[in-house]
Amino acid sequence: MKAFLYVLGFCFVLEGLLPMLAPDLWKRAVRFISRFPSEKIRYIGLESVVLGLVFVWAGSLLF
């Protein structure tokens, strides 16, 4: 559970960096993505989840 909280906290830190450091770029990116069809956004989300799981799996093999 402790590791999960560390990872979750680190995700929040990473997610917050772009809006904190470059809010105008972040707003442009959100506007750009909002023009995509929902299915495309869902597919990108699925790819992101799969890639994250691959990283977790690979990390479990290495450590």
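Start by selecting helix α3, residues 38–62, in this predicted model. Within α3, pick out Arg-42 and Glu-39: they sit three residues apart, which means about one helical turn separates them. Now show their side chains and look for the closest N and O atoms, which are 2.6 Å apart in the salt bridge that Arg-42 forms with Glu-39. Switch on a surface if you like: both Arg-42 and Glu-39 are exposed.

Next, move to helix α2, residues 23–34. Select Asp-24 and Lys-27, another pair three residues apart and so separated by about one helical turn. Here too there is a salt bridge, and the closest N and O atoms of Asp-24 and Lys-27 lie 3.9 Å apart. That distance counts because the cut-off is within 4 Å. How exposed are the two partners? Asp-24 has a relative accessible area of 51% and is exposed, while Lys-27, at 43%, counts as partly exposed. With this pair you have visited both bridges, as the count comes to two.

For the last stop, select helix α1, residues 2–21. Put a distance label between its end C-alpha atoms and you should read 29 Å. What span should the 20 residues of α1 have, at 1.5 Å a residue? The expected value is 28 Å, and the distance between the ends agrees with it. Finally, colour α1 by accessibility: how many of its 20 residues are buried? The number is zero, so helix α1 lies largely in the open.

Definitions and conventions:
Residues are numbered from 1 along each chain as its sequence is written. This is a predicted model: local features need pLDDT of at least 70, side-chain atom pairs count only at pLDDT 80 or more; totals for chains, interfaces and linings use all residues. Side-chain values use heavy atoms; hydrogens and water are left out. Helices (H or I, at least four residues) and strands (E, at least two) are DSSP runs, numbered from the N terminus. Buried means under 20% relative accessible area, exposed over 50%, partly exposed in between (1.4 Å probe, protein chains only). The expected span of a helix is 1.5 Å times one less than its number of residues.
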